[in-house]
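User: Hi, I'm new to reading protein structures and I'd like to go through one with you. Could we take it step by step?
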Amino acid sequence: LDVWVGYFFERYTYQNGEVDSTNEPGGKAFVNWTPYSWLTWRSSVQYSQRRYDHWLVSTPGDAGAAMRQFFVQNRNQTKANGIVEIALTKDLTVSPNGGVRWIEYPTDAVIGASNLVTNSLGTQSDRSWNVGADFGIRITPELRATFGYNYEEHLLYMQSCCGASIPFNDSNKWSTQIAQHYNTFIVSGLWNAIPGKLDILADYVLAIANEANSTIGCASGNNGCTGNNSAGPTPPWPDEKNYFQRFNILAKYYVDPSVVKQMGFVGKVTLKARYTFEKNSNTNWATDNFTPYSPSAADAGGADITNGGRSLFLAYNNPNYTAQIVSLGLAANW
């Protein structure tokens, strides 16, 4: 049994930012336990609190002061991970695993002051957890395979308000709860085709994601709000779905040391060849009808160059794509 406990401290200083500096003290603990030769448990847990020193926004009632900036705002963070490795036989191993990341953004005295809103705007909480398992099997002395599955749930709670009006009014706020679900499947294999000479590694990844949004409109029906109505939950936002696939095969050939020596080189030389196929399919009501951005003032009636507001600003290209990559490499070390 190995137990380790430690303390850490992180400080950032900023110029021309919302705050002058942030300080984050925290603690972390590790536990590694092997009660039997065939069973090992590894886990870690971490907790930290980040606080800024001084808020520097000149007008504490503007939108910049009310919104939370991820990298400077006060934050309470808990992270935990664990894995159990079970050797069912000498050739078969199963490894259940899981983790939690829990982040809360507490109300503070500046951006949560009464002249703004009772609760600060922006992200209120960012919580996620995951659970899965990996299976490893040695089929022959030269052939090994692994199979993995992981499920992750990511929950975001965000809150905003009534545009630029000051002071902000609690009754004009709107909020969104975002739930993201991920199912990831991984299959890989390693074949020592020519032991000590040629290795071939292949892997396939399939990630299926779904995002659901539930938005509460402005209680007062203020025109500056982006909620759909003032009566309560707004149901018209369809789920966003994403399918990502990636297949990769890599061949590594280890040049015979005698050949390397004849070439006048001392060390190891490896030749590599790789082929990758990647495909992403996205269904998103907010972007399905958009077209890739291409400047054309005429399309917008001469008013601007955004094609009438129907352009997609995601690295220029639509998120639905297919890509193929072929690469060759040479590695040498001595």
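User: Let's start with Glu278: is it buried or exposed?
Analyst: Keeping in mind that this is a predicted model, Glu278 counts as buried, because its relative accessible area is 14% and the cut-off for buried is under 20%.

User: And which residue does the side chain of Glu278 meet in a salt bridge?
Analyst: The partner is Arg246, and the N to O distance in that salt bridge is 2.5 Å. The two residues come from distant parts of the chain, with Glu278 in strand β12 (residues 268-283) and Arg246 in strand β11 (residues 240-254), 32 residues apart. Unlike the buried Glu278, Arg246 counts as partly exposed, at 26% relative accessibility.

User: How many salt bridges does the structure hold?
Analyst: There are seven salt bridges in the structure, and one of them joins Arg75 to Glu24, where the closest N and O atoms are 2.8 Å apart. This pair also links distant parts of the chain, since Arg75 sits in strand β4 (residues 75-89) and Glu24 in strand β2 (residues 21-36), 51 residues apart.

User: Are those two buried or exposed?
Analyst: Arg75 is buried, with a relative accessible area of 14%, and Glu24 is buried as well, with a relative accessible area of 5%.

User: What about Glu104, which side chain does it meet in a salt bridge?
Analyst: Glu104 meets the side chain of Arg127, at 2.7 Å from N to O. Glu104 lies in strand β5 (residues 92-104) and Arg127 in strand β6 (residues 122-140), so this salt bridge ties together parts that are 23 residues apart in sequence. Here Glu104 counts as partly exposed at 24% relative accessibility, and Arg127 is partly exposed too, with a relative accessible area of 29%.

User: OK, new topic: where is Glu211, and which side chain of opposite charge is nearest to it?
Analyst: Glu211 is placed in strand β9 (residues 198-216). Although Glu211 is buried, it has no salt bridge, and the nearest side chain of opposite charge, that of Lys241, is 12 Å away.

User: Why does that distance matter for a salt bridge?
Analyst: Side chains of opposite charge can pair when their charged atoms come close. A salt bridge needs a side-chain nitrogen of Lys or Arg within 4 Å of a carboxyl oxygen of Asp or Glu, and Lys241 is 12 Å away from Glu211.

User: Then what does the side chain of Glu211 make polar contacts with?
Analyst: One polar contact, of 2.6 Å, joins the side chain of Glu211 to that of Gln180, and another, of 3.4 Å, is made with the side chain of Asn213. If we leave aside neighbours within four places in sequence, the residues in contact with Glu211 are Ile178, Ala179, Gln180, Asp239 and Glu240.

User: Switching to the surface, which residues form a nonpolar patch there?
Analyst: That patch is formed by Leu1, Val3, Val5, Trp33 and Trp41, which together have about 560 Å² of accessible area. Val5, which is in strand β1 (residues 2-13), counts as exposed because its relative accessibility is 65%.

User: Last one: how many helices and strands does the protein chain have, and what share of its residues count as buried?
Analyst: The protein chain has two helices and 15 strands, and 31% of its 334 residues count as buried. The chain exposes about 19600 Å², of which carbon and sulfur atoms supply 60%.

Conventions:
Residues numbered from 1 in each chain as written. Predicted model: local features only at pLDDT ≥ 70, side-chain atom pairs only at ≥ 80, totals over all residues. Heavy atoms only, no water. Helix = DSSP H or I, 4+ residues; strand = E, 2+ residues; numbered from the N terminus. Buried < 20%, exposed > 50% of the residue type's maximum accessible area, 1.4 Å probe, protein only. Lys, Arg positive; Asp, Glu negative; His and termini not counted. Polar contact = N/O pair within 3.5 Å; in protein donor to acceptor, adjacent residues only side chain to side chain. Contact = heavy atoms within 4.5 Å. Patch = residues over 30% accessible without salt bridge, like charges linked within 9 Å, V, L, I, M, F, W, Y side chains within 5 Å. Areas by Shrake-Rupley, 256 points an atom, 1.4 Å probe, with all protein chains shown as cover.
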